[in-house]
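Reader: I am new to this structure and would like to understand the terms used for it. Could you walk me through them?

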Amino acid sequence: MLATAAGAPAGGGPAEDHRVRGWTIAAQLCSQCHVIDRAAQPGEFVGPAFLRVANMPSTTGPALAVFLQSHHDRMPSLRLDRDELDAVIDYILSLKGPQPHIREPGTFTERP
């Protein structure tokens, strides 16, 4: 079983537990190339932040399922079982929606 780390979303029922499992899988398999949390992280990442992916208009559960099961040149092929895949998708989709003010690195935005 995968261990839950300190930055995981807090638990709160079966749906939330599934998202926590998705975060745990993403932390172990994706975090070297992607920022997987809402907060910015230091370092350089070759893949898009999960927050950005979640908020793309084209991002849906089925679209993520197809993407994560397809081969990509700059991304390793993942071997996730159906429950693991669904957990990662649920976690990414949980990032969708209104966000607190987030400044992109290298930009300046004045707050009202």
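Reader: What makes the start of H4 a place with a polar contact?

Author: There, a side-chain oxygen of Asp81 comes to within 3.1 Å of the backbone nitrogen of Asp83. A polar contact is a pair of N or O atoms within 3.5 Å; within protein, one must be able to donate a hydrogen and the other to accept it, and residues adjacent in sequence count only if both atoms are side-chain atoms. This is a predicted model, where local features need pLDDT of at least 70, side-chain atom pairs count only at pLDDT 80 or more, and totals for chains, interfaces and linings use all residues. Residues are numbered from 1 along each chain as its sequence is written, and side-chain values use heavy atoms, with hydrogens and water left out.

Reader: How do you know that the span of helix H4 is close to what is expected?

Author: Helices (H or I, at least four residues) are DSSP runs, numbered from the N terminus. H4 covers residues 82–94, 13 residues in total. The expected span is 1.5 Å times one less than the number of residues. For H4 that gives 18 Å, and the helix reaches 18 Å from its first C-alpha to its last.

Reader: Why is His18 called buried?

Author: Buried means under 20% relative accessible area, exposed over 50%, and partly exposed in between (1.4 Å probe, protein chains only). His18 has 19% relative accessibility, so it counts as buried. This residue is found in helix H1. Leaving aside neighbours within four places in sequence, His18 is in contact (heavy atoms within 4.5 Å) with Asp83, Asp86, Ala87 and Asp90.

Reader: Which residues of H4 are buried, and what do they pack against?

Author: Glu84, Leu85, Ala87, Val88, Ile89, Tyr91 and Ile92 are buried. The buried residues of H4 pack against helices H1 (14–29), H2 (50–54) and H3 (61–68).

Reader: And why is Ser94 called partly exposed?

Author: Ser94, in helix H4, has a relative accessible area of 27%, so it falls in the middle class, partly exposed.

Reader: Which polar contact and which other contacts does Ser94 have?

Author: A polar atom of the Ser94 side chain lies 2.6 Å from the backbone oxygen of Tyr91. Setting aside neighbours within four places in sequence, Ser94 is in contact with Arg19 and Arg38. Ser94 and Arg19 are 75 residues apart along the chain, yet their C-alpha atoms are separated by 7.5 Å.

Terms used. Helix = DSSP H or I, 4+ residues; strand = E, 2+ residues; numbered from the N terminus.
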